[in-house]
Amino acid sequence: MNFIDNPGKLRGFEKHIKVEKVSRRSILKGLGITGGFVLAAPVMTRQAFAYETGAGKMPHGVVVDPRVFVSVAPDGIVTIVGHRSEMGTGVRTSLPLIVAEEMEADWSRVKVQQAHGDEVKFGNQDTDGSRSTRHYLLPMRQIGASARTMLEQAAAKRWGVPATEVKAVNHEVVHSASGRKLGFGELAADAAKESVPAIEGLKLKDAKDFRYLTKGQIGIVDLHDITTGKARYGADVRLPGMKYAVIARPPVTGGKLVSFDPDAALKVPGVEKVMKVQGWPWPSKFQPLGGVAVIARNTGAAIKGRNALKLVWDDGANGKYDSVAFRKELEEASRKPGLVVRQEGDADAALKGADKVIVGEYYIPHLAHISMEPPVAVADVKGDKAEIWAPVQSPGGTRDDVAKTLGIPEGNVTVNVTLLGGGFGRKSKCDYALEAALLSKELGAPVKVQWTREDDIQNGFLHTVSAERIEAGLDKSGKVIAWRHRSVAPSIASTFAAGTVHQAPFEIGMGLADMPFEIANISCENPEAAAHTRIGWFRSVSNIPRAFAVQSMVGEIAQATGRDQKDMLLELIGSPRIVKPNVKDLWNYGEPQDSYPIDTARLRKVVELVAEKGEWGRKVPKGHGLGIAVHRSFVSYIATIVEVAVDDKGKLSVPRVDTAIDCGTYVNPERIASQIEGAAIMGLSLAKYGEISFKDGKVQQKNFDDFQVVRIDESPVVTNVYIVPPNSDTPPSGVGEPGVPPFAPALINAIFAATGKRIRSLPIGKQLEA
Amino acid sequence: MIKVKINGQEQSWDGDPDLPLLWFLRDEAGLTGTKFGCGQALCGSCTVIVDKEAVRSCITSINDVAGREVTTIEGLHPNGDHPVQKAWRQVNVPQCGFCQAGQIMQAAALLMDNPKPSHDQIREAMSGNICRCGCYQRIENAVHLASTGV
């Protein structure tokens, strides 16, 4: 084991993250690179690398062009464009860092410029699905190598020597034979005249020469600004003459405004106007819900004005949505056959003939994202032109939606991407930017729309609610011979299409149909469920309920057969192999199966690694317990061990968490660690407290007092992160989301070990206090 | 006319005296480093220091701080080199960063009151500040580092 080499620089960090000895030899050796490189305009290259990713199939694909992403000023400052949205993953640092690495730029002389929304120019910008490093590691390397080559060619010409004799090293080009050197700044003008080299001929750096990649010693580019209050988030945008708006939206999804009385609101000091906001019929995609906006000279006045509004709503068809009744519906549906989405062998017969059948019914309620920055956007619409400043995960999608909503050409819309104060999938939906655009158009002035925390919790795009039922049939020896998993949950697709009652392929592929266990008879089913509120992506999406159910069931089988949890888990995973579920077009996070198969050798490896480093089986004090869980999501493999302590009043704490991640070839292990540390907190939050519930169609929670999240005094005392070293050609895979799913089941398995109580319904709430 | 000193500068306000200090700072004075997270003193994103005490500016009216000294993240140190800020950077605390101004102000107030807090004291004092990204382990380490010398 090697400690990461970051002495002194990152105190407190090196203690908790360990990278297994990495074979640095030629991480990308053997990459055959093809693809076109059009000089006049950015081009979408077709991916034809040693590993193929789904990047080229994303809207607008990938653009590999140094002139789009890199500029060098005469003073030597290198500006690199970050075209993905920064919501805390470190992507605004990591992707430009890849470019800097390849072009031999000195990071201290690099500036990062945030791209506006323009997918034709920059390629796909939808920062979602844990895709950024996965899709852009190689393109960013190629962009950097192109820029380096152009600088080298310019220097060679200046000196009249063959380009093969010169080499870029740390922000200058060197001719070692003559000892001559020229800085990047001195070469900038000439390099710009060089033709952009073809991708096929680019020579990428050998991994042993990396200065930044895989090292983890670079802090995020916004670190100083964040610690001094200068970092600019959506709400921090201020324009001359800007108005401040807060909107009262229908309390029930699909509800409509009947009437409103603005008089009291208009008497609030600072309130200038009260106006209706256009809403769209449900299912409304990302379009605004409509309602009444209070326009004021500051946000405080707008909120006070909104509180004074008298509003009458027609709740519509969802006015009866009740979480207690709906849970019963979901659970009843899970007890009957549903749409079969995967079938191998004969699970029915095998369950009937089994020596023992273990049934687990699991329930996971709606969750809200509640990023610390509530949704907010600024818009300035003048005539047929619109400019937006907003924390959006999908600036390209936002641009498209603003153009359509206002009925103007997409080319007339500029979307400026601020920092995102958290995203977690909520900010993939740009309804708040559309609200700002509509209001600005009507007012003829720049407007900031600020969502309050109550708005965020009550009018969001919630994580679905689901009942998961698993039946495991065991033979006389205790071997699992049958597995039936029914998953019942409203689909995200319901936000886009009326009448949706089944999960979409991308949801079925998240821990249901891709289940990796080696069992002869498998049936995965999806009974019907209709949505009664807006459902959206939430960090790791359907993997949360599926991993909770599947990994809890592993604990239950171990419990029923008297075996060790980890041994049971490895037995179920079975032999090292590529799992090919009998599912037509199994969704694989948009990635081809060839480069991203379901590889049980890797799944086993993270279990074994975390068991070794996390000291599985160690003796723990009375009242403590260890639990383990593993899950593959976003084409990464993650295993977590949780140590829990439950006191005699049923209060739980988490002294230690250990997580092993195999995310393939990686860029910045320091940010991987921070993502995994954070995933443990988010996992603990949803396990302990996470529940959005409805009564009479309305969300019952309002703010952080009744939708609680974990605070520092209850957070894990220590989270250790272990990163599996990639093989030389292992493609990069997701990091932002996959840390979340295994946490809750590992915790629940640990609680069983500590107390003998099996929690099957989240959140834990007061269940341990009984 | 309400007068208040913010980061050493005299500011005045003749609007609604009930206006929360948060919105005066952000929308009227243009000091956007202080963040809005909940509006109910539940998350700590809006923490500023009034005289020597950490205060939630979202439920503190501008009238409540009349004649007092308010310090925001922008005024904590002229170069951003307060020991807490330096420690934050050394430990690479932030992910999205949105709650960090409030966290830093809370930590700075803690160290004024208790220069050598124990880990338990750090966890207790910082428990009013939510970080949804989950940077708590690093926050605890950074406050400890700031208290022991950066």
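## A two-chain model: domains, interfaces and two buried residues

A polar contact of 2.8 Å links the side chain of A:R602 to that of A:D662. The model in which this pair occurs is a predicted one. A:R602 sits in helix α17 of chain A, which covers residues 600–613. Its relative accessibility is 15%, and A:R602 therefore counts as buried, the limit being under 20%. Beyond the neighbours within four places in sequence, A:R602 is in contact with A:Y637, A:D662, A:C663, A:G664 and A:T730. The partner in the polar contact, A:D662, is thus one of the residues in this list. A:G397 lies elsewhere in the sequence, 205 residues from A:R602 along the chain, and the C-alpha atoms of the two residues are separated by 35 Å.

The domain division of chain A gives these positions a frame. Domain 1 of chain A spans 55–228, domain 2 is made of 234–317 and 375–450, and domain 3 is made of 323–368 and 462–755. Between domain 1 and domain 2 of chain A, the C-alpha centres are 37 Å apart. The contact between these two domains involves 15 residues of domain 1 and 14 residues of domain 2. Together they bury about 1100 Å², and carbon and sulfur atoms account for 53% of that area. On the domain 1 side, A:S85, A:M87 and A:G117 supply 40% of the area buried against domain 2, more than any other three residues.

The polar side of this domain interface can be listed briefly. Five residue pairs are in polar contact between domain 1 and domain 2 of chain A, counting pairs with both residues at pLDDT 80 or more. The number of salt bridges between the two domains is one. A:R399 and A:D118 form a salt bridge in which the closest N and O atoms are 3.7 Å apart. By class, the residues of domain 1 that touch domain 2 are two nonpolar, six polar and seven charged.

Chain B is divided into two domains, domain 1 at 1–69 and domain 2 at 81–146. Their C-alpha centres lie 21 Å apart, and each of the two domains brings twelve residues to the contact. The area buried between domain 1 and domain 2 of chain B is about 1000 Å², with 60% of it on carbon and sulfur atoms. Zero salt bridges are found across this interface, while four residue pairs are in polar contact, both residues being at pLDDT 80 or more. On the domain 1 side, strands β3 (47–50) and β4 (53–56) of chain B are the elements that give two or more residues to the surface touching domain 2. That side of domain 1 has five nonpolar, four polar and three charged residues.

The interface between the chains comes next. Chain B contributes 55 residues to the contact and chain A contributes 74. The two chains bury about 5200 Å² between them, of which carbon and sulfur atoms give 53%. Within the part that chain B buries against chain A, B:R123, B:R132 and B:Q137 supply 17% of the area, more than any other three residues.

Seven salt bridges are counted between chain B and chain A. A:D236 and B:K35 meet through their side chains in a salt bridge with an N to O distance of 2.5 Å. Polar contacts between the chains number 31 residue pairs, with both residues at pLDDT 80 or more. Four helices of chain B, namely α1 (21–28), α2 (83–90), α3 (100–113) and α5 (136–148), each supply at least two residues of the side that touches chain A. Helix α5 of chain B gives the most to that side, with seven residues. The chain B residues on this side divide into 22 nonpolar, 21 polar and twelve charged.

B:Q85 shows one point of this interface in detail. The residue has its place in helix α2 of chain B. The relative accessible area of B:Q85 is 0%, so B:Q85 is buried. Its side chain reaches the backbone oxygen of A:T227 at 2.8 Å. Not counting residues up to four places away in sequence, B:Q85 touches A:T227 and A:T228 in chain A, and B:I73, B:L76, B:H77, B:G80 and B:I104 in chain B.

Definitions and conventions
Residues numbered from 1 in each chain as written. Chains lettered and ligands numbered in written order. Predicted model: local features only at pLDDT ≥ 70, side-chain atom pairs only at ≥ 80, totals over all residues. Heavy atoms only, no water. Buried < 20%, exposed > 50% of the residue type's maximum accessible area, 1.4 Å probe, protein only. Contact = heavy atoms within 4.5 Å. Polar contact = N/O pair within 3.5 Å; in protein donor to acceptor, adjacent residues only side chain to side chain. Buried area = accessible area lost by both parts, 1.4 Å probe. Salt bridge = Lys/Arg side-chain N within 4 Å of Asp/Glu carboxyl O. Nonpolar A, V, L, I, M, F, W, Y, C, P; charged D, E, K, R; others polar. Domains from an automatic or database assignment.
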